[in-house]
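Welcome to this short tour. Open your viewer, switch on the cartoon view, and have the selection tool ready.

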Amino acid sequence: MAGYTIAERAQALDFMADYPGFGEMRWYADALSAEQVSFSWRLMPPSTGGRGSYGHRHPGQEEVYFVVSGALTFKVGDDVFEAGPQTAVRMTGEQFYSVHNDSDADAELMILSTRDPNAKTERQDDFWPE
C-alpha cells in the first residue's frame, strides 16, 4: 500500500445525477476508500436546495458544512440565516436542517463528518415551505 489514495471528480458518486438542473453532490469517501472520514462536494445552481422540501438530521453525528464560494441560506430548526464564502456551519444532529441557494450565482459547499455506516438519518417532510 502506498499510504495514500487519489480520487478524481468522475470517480466520486454523484447523488444529484438523477436530478437534472440541481447541480452535483459528489461523495468522495468510497472513491478514496476512506474508513473514518465522509467528505462531499456540492455545486448548487441558483434556486436549488431544500426550500419547499424536506429537512433531515443525523442524530448523534456531527457534520460541518463549509461554504467554499457563493452564499447559501440555511434553515436549522426554526432559525434561518445566510452563510457566505469561507463560513463553516456545524450541525450537531439535534435539529432538522436544510440548505438552499437563494442567490443568482452558483455556490459550492463541502460537507464533512465522521464516516459511520450505521448512521441514522431522519427526515421531516414539509420542513421548509416556499
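Which residues point one way from β9, and which point the other way? Select β9 in this predicted model and show its side chains. Y97 and V99 go one way, S98 and H100 go the other, and all are buried.

**Stop 1: the partner of β9.** Now add β6 to your selection. β6 and β9 run antiparallel and are joined by four bridges. Look for K75, which stands opposite S98 of β9.

**Stop 2: the largest core.** Stay with V99 and show the residues around it. V99 is among the residues with the most contacts inside the largest nonpolar core, along with Y65, L72, F74, M91 and L109. This core has 16 residues. At least two of them come from each of β5 (63-69), β6 (72-76), β8 (87-91), β9 (97-100) and β10 (107-114). A second, separate core of five residues can be found too; A7, A12, Y28 and W41 are among its members.

Next, select F74 alone. What does F74 touch, leaving out residues up to four places away in sequence? Its contacts include Y65, V67, V89, M91, V99, L109 and W128, and also D79 and S98.

**Stop 3: the open sheet.** Colour the strands one by one in the order β1-β2-β3-β10-β5-β8: these six form an open sheet with antiparallel pairing. In general, strands of a sheet pair through backbone hydrogen bonds. The edges are β1 (13-14) and β8, each pairing on one side only. Zoom in on β1, which two bridges join to β2 (residues 24-27). There, D14 stands opposite R26 of β2.

**Stop 4: M110.** Keep D14 visible and select M110 in strand β10. The two are 96 residues apart in sequence, with their C-alpha atoms 14 Å apart in space. Is M110 buried, partly exposed or exposed? M110 counts as partly exposed because its relative accessibility is 25%, between the cut-offs of 20% and 50%. Beyond its neighbours within four places in sequence, M110 is in contact with F39, S40, V64, Y65, F66 and V68.

**Stop 5: two loop residues.** Most residues other than glycine have a negative phi. Select S33, in the loop between α1 (29-32) and β3 (37-44), where phi is positive, near 60°. With 53% relative accessibility, S33 counts as exposed. Then go to Q86, in the loop between β7 (79-83) and β8. Phi of Q86 is also positive and near 60°, and Q86 counts as exposed at 56% relative accessibility.

Definitions and conventions
Residues are numbered from 1 along each chain as its sequence is written. This is a predicted model: local features need pLDDT of at least 70, side-chain atom pairs count only at pLDDT 80 or more; totals for chains, interfaces and linings use all residues. Side-chain values use heavy atoms; hydrogens and water are left out. A nonpolar core is a set of buried Ala, Val, Leu, Ile, Met, Phe, Trp, Tyr and Cys residues joined through side-chain atoms within 4.5 Å. Buried means under 20% relative accessible area, exposed over 50%, partly exposed in between (1.4 Å probe, protein chains only). Contact means heavy atoms within 4.5 Å. Two strands pair if DSSP finds at least two bridges between them.
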